[in-house]
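Work through the exercises below with the sequence and the model open. Try each task before reading its solution.

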Amino acid sequence: MDVSGTTKITGIFGYPIDHTLSPLMHNAAFREMGLNNCYMPFQVSPEDLPDAVKSIRCLNLLGVNITIPHKEKVVSLLDEVNEEAQFIGAVNTIVNKEGILTGYNTDGRGFMSSLDENNISADGKNIVIIGTGGAARAVSYYLSEKASQLSLFDITIPKARNLVDDLKMIRNNIKLLETIEDIGKPDIVINATPLGMKADDPLPFNPDIITPDTVVCDLVYKKTKLLQEADKRGAKNIDGSGMLLWQGVLAFELWTGIKPPVDLMRKILLSNIS
Ligand SMILES: NC(=O)c1ccc[n+]([C@@H]2O[C@H](COP(=O)([O-])OP(=O)(O)OC[C@H]3O[C@@H](n4cnc5c(N)ncnc54)[C@H](OP(=O)(O)O)[C@@H]3O)[C@@H](O)[C@H]2O)c1
């Protein structure tokens, strides 16, 4: 698709931004659908974030994705923030409707879509999440709605306690794990720490708790050592590439109101994840 006078611009604000796969994924979808849209990477330093957000209005962008390190800081710069993004305290998608900027967080729903397409149900399950940063906040908002019990652990205990307290305001099935040894035998266990991004990272928990009936999810985008341990034990497992895909699909829908070609976006993502 050639850029013309009527091209609608979307993009992503991050710092750094060089490694983002989102432009490849979204531009391929726009081209495939014959939409006159374009998705650009914007390197925005933390001190420039307020001006960059104003530019969404001035330049009449359709909207943008927001990535590290701006997801939390951007919340206070928007006109409206939807309920899930408010709970999570972070925005990854902004929609510009006639100058009104609304913030969304599509990470949690993206994760749930990834479970769905793998025929994994969280209904009535005993679920443990390891790590309680931004990604865990997003997925716990949805998982806590379905789980019989949702337990959370983080090496930084106050951080875990903070998320547990926030979840307890809206749910009554939340538990804090004081040590990783309290993990028990969950039906679904989710690594929401960065462990596994590097080959020599330790495992986030002792894999001996994994049985063939356990579902192991890693939010890291690749086949981590943890997921290899799940394979060895005959346990179903998924990596974070599905969540990455579906958060993008949902952002696309928010901007255009149209369902994008998911399989094409997946192909582009998977062929570019290293
Ligand atoms: N698939 C996707 O679309 C998607 C989306 C978002 C994020 N992610 C991935 O999800 C992971 C987490 O991202 P995030 O943004 O939530 O990161 P984050 O904000 O840094 O949170 C990670 C949390 O895990 C804690 N942690 C580190 N090592 C731990 C351990 N051994 N045991 C328990 N907790 C530990 C960290 O504690 P400290 O702060 O004390 O180190 C931190 O609280 C990353 O790998 C990221 O790439 C994937």
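The exercises that follow concern a predicted model.

**Exercise 1. The sheet**

Task: Find the order of the strands in the open sheet of six strands, and say which strands stand at the edges.

Solution:
- Step 1. Reading across the open sheet gives β2-β1-β3-β5-β6-β4, and the pairing is mixed.
- Step 2. The edges are held by β2 (37-43) and β4 (80-81). Each has a single partner strand, so one side of each is left without a neighbour in the sheet.
- Step 3. For β4, pairing with β6 (residues 100-104) is parallel and runs over two bridges. In one of these pairings, valine 81 has glycine 103 of β6 as its bridge partner.

**Exercise 2. Helices on the sheet**

Task: Which strands does helix α2 lie across, and which does helix α8 lie across?

Solution:
- Step 1. Helix α2 (residues 49-58) lies across β1 (8-14), β3 (63-66), β5 (93-97) and β6, and runs at about 170° to β1.
- Step 2. Helix α8 (residues 241-256) lies across β1, β2, β3, β5 and β6, and its angle to β5 is about 5°.

**Exercise 3. A buried histidine**

Task: Is histidine 26 buried or exposed, and which residues is it in contact with beyond its neighbours within four places in sequence?

Solution:
- Step 1. Locate histidine 26 in helix α1 (residues 22-33).
- Step 2. The relative accessible area of histidine 26 is 0%. The cut-off for buried is under 20%, so histidine 26 counts as buried.
- Step 3. Leaving aside neighbours within four places in sequence, the contacts of histidine 26 are Tyr39, Asn65, Gly248, Phe252, Trp255 and Met265.

**Exercise 4. The buried face of α7**

Task: Why do the buried residues of α7 line one face of the helix?

Solution:
- Step 1. In helix α7 (residues 225-232), the buried residues include Leu226, Leu227, Glu229 and Ala230.
- Step 2. Viewed down the axis of α7, these buried residues fall within an arc of 155°, so they line one face.
- Step 3. The buried residues pack against β10 (188-191), β11 (215-218) and β12 (236-238).
- Step 4. After α7 comes glycine 234, with a positive phi near 70°.

**Exercise 5. Two domains**

Task: Describe how domain 1 and domain 2 meet.

Solution:
- Step 1. The domain assignment gives domain 1 as 8-105 + 243-272 and domain 2 as 109-239.
- Step 2. Their centres, taken over C-alpha atoms, are 26 Å apart.
- Step 3. In contact are 11 residues of domain 1 and 18 residues of domain 2.
- Step 4. Between them the domains bury about 1400 Å², with 63% of it on carbon and sulfur atoms.

How values were computed. Residues numbered from 1 in each chain as written. Predicted model: local features only at pLDDT ≥ 70, side-chain atom pairs only at ≥ 80, totals over all residues. Heavy atoms only, no water. Pairing = 2+ DSSP bridges. Helix = DSSP H or I, 4+ residues; strand = E, 2+ residues; numbered from the N terminus. Contact = heavy atoms within 4.5 Å. Axes fitted to C-alpha atoms, helices over the stretch in contact; angles between N-to-C directions. Buried < 20%, exposed > 50% of the residue type's maximum accessible area, 1.4 Å probe, protein only. Arc of directions from axis to C-beta. Domains from an automatic or database assignment. Buried area = accessible area lost by both parts, 1.4 Å probe.
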